[in-house]
Amino acid sequence: MTVTEQPVTADTNQHYDLDPDVFGQFLDPLRKYSSALYASETDTLEQAQRRKLRFVADRLGVTGGERLLDVGCGWGSLILFMATEFGCETTGVSPAPRQHGYIAEQARARGVADLVHTRVGHFERIELPPRSFDAVTLLGSIVHMPDLGAIFRRARAVLRRGGTLYVSESCFRNAAARTAFDTKDGTEFVREDIFGWGDLRPLSDLVTAAEDAGFSIVAVDDLTDHYRRTIDDWIAGVDAAAERIDAHGHGLAAKLRHYLEIANAGWGYTTKHYALTCRNAR
């Protein structure tokens, strides 16, 4: 396990650098902080999150031993899973230092410390060898990055020829919805009071940026209903652990619940959640 640190502070650290125990109270045991994938009415959150990780592996064409870069790696659910289940050599990037200590601990406990590496920093600025990865993933992280074009160009620059990029992201339903709702109180609360910074775009902006960077789009999956159910499960977790969450900050549980309720209110009306699979075909 290698953690490379550099002085870095992101606006989003106010949320992602909270004590990992806060997220352990309402996320699944893997602490995956993005949409799950449910197959039945009886699926638990953990089962659905494990299914989603296998879905990502399938979309990437992972069979074993690939080199994977996860941008905005959170608490390491994807890189730990790919290292444990597929023997992949994985690198995670995030500007939130607390996440890296948690991932290092988990990698040692699971016996994959030699396969899991993380970098503290911004994807746009850290040094990475060109054409050095078989796959790049961004799960719910591109919303926190200001320059879409730069992100897709950077992703393509570090992918080998024929490599695959997977992006799952929440989006405004279309450009008109963005214009109508981008400055509403609920949007501003989530952007400023929860994350510190974020820019929700329509899917068309992501597709244009991917195509302009040179990617071929090979799949678009609509996961909106799955994210609604994921957040329902998170809200139940916040309610069940409200006292323990508030031990990390007075009123924190109510603040988290309000954010999750706002997110779920928009699905299918103002917002959607998509998975975009792109191939570096040239």
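Which residues does His144 touch, not counting residues up to four places away in sequence? The points below take up that question after a general description of the chain.

1. The model is a predicted one, and its protein chain holds 12 helices and eight strands. For a chain of 282 residues, a compact globule would have a radius of gyration near 19 Å, and the value of 18 Å found for this protein chain agrees with that expectation. Taken along the principal axes, the C-alpha atoms fill a box of roughly 45 × 45 × 40 Å.

2. Of the 282 residues in the protein chain, 56% are buried. The accessible surface of the chain comes to about 11800 Å², and carbon and sulfur atoms account for 47% of that surface. Among contacts with a separation of 6 or more, 76% join residues that are 24 or more positions apart.

3. The largest nonpolar core has 30 residues, and those with the most contacts inside this core are Phe26, Tyr33, Trp234, Ile245, Leu256 and Tyr259. At least two residues of this core come from each of helix 2 (20-24), helix 3 (45-60), helix 8 (185-195), helix 10 (224-240) and helix 12 (252-266). A second, separate core has 29 residues, including Leu138, Leu148, Ile151 and Leu276. As general background, nonpolar side chains in soluble globular proteins tend to be buried together.

4. Ile245 can serve as a place from which to look at the largest core. With its neighbours within four places in sequence left aside, Ile245 is in contact with Val22, Gln25, Phe26, Val238, Leu252, Ala253 and Leu256. One of these partners, Val22, also has a C-alpha atom 9.8 Å from that of Gly249, although Val22 and Gly249 are 227 residues apart in sequence. Gly249 itself is placed in the loop between helix 11 (242-246) and helix 12, and its relative accessibility of 24% makes it partly exposed, because a residue has to fall under 20% to count as buried.

5. To return to the opening question, His144 touches Thr12, Tyr16, Phe195, Trp197 and Gly198, when residues up to four places away in sequence are not counted. His144 is found in the loop between strand 5 (133-139) and helix 6 (148-158), and at 17% relative accessibility this loop residue counts as buried.

6. Helix 5 (residues 97-109) has 13 residues, which at 1.5 Å a residue should span 18 Å; its end C-alpha atoms are 19 Å apart, in agreement with that figure. The buried residues of helix 5 are Gln99, His100, Tyr102, Ile103, Ala104, Gln106 and Ala107. In general, an α-helix has 3.6 residues a turn, so residues three or four places apart point the same way. The helix is followed by Gly111, whose phi is positive, near 75°.

7. Gln106, one of the buried residues of helix 5, is 10 residues from Val116 in sequence, and the two C-alpha atoms are 9.8 Å apart in space. Val116 has its place in strand 4, where a relative accessibility of 0% makes Val116 count as buried.

8. Two arginines deserve a careful look at their backbone. Most residues other than glycine have a negative phi, yet Arg31 has a positive phi of about 55°, and Arg131 likewise has a positive phi of about 55°. Arg31 lies in the loop between helix 2 and helix 3, and its relative accessibility of 16% places Arg31 among the buried residues. Arg131 is found in the loop between strand 4 (116-120) and strand 5, and with a relative accessible area of 41% Arg131 is partly exposed.

9. How many disulfides does a search of the whole structure find? The search finds zero disulfides. Cys73 is in no disulfide, and the nearest cysteine sulfur, which belongs to Cys88, is 15 Å away. The sulfur of Cys171 is 12 Å from the closest cysteine sulfur, in Cys278, and this is too far for a bond, because a disulfide requires the two sulfur atoms to be within 2.5 Å. Cys73 counts as buried at 5% relative accessibility, and Cys171 is buried with a relative accessible area of 1%.

Terms used. Residues numbered from 1 in each chain as written. Predicted model: local features only at pLDDT ≥ 70, side-chain atom pairs only at ≥ 80, totals over all residues. Heavy atoms only, no water. Helix = DSSP H or I, 4+ residues; strand = E, 2+ residues; numbered from the N terminus. Expected span 1.5 Å × (residues − 1). Buried < 20%, exposed > 50% of the residue type's maximum accessible area, 1.4 Å probe, protein only. Rg over C-alpha atoms; globule rule 2.2 N^0.38 Å. Contact = heavy atoms within 4.5 Å. Areas by Shrake-Rupley, 256 points an atom, 1.4 Å probe, with all protein chains shown as cover. Core = buried A, V, L, I, M, F, W, Y, C linked by side-chain atoms within 4.5 Å.
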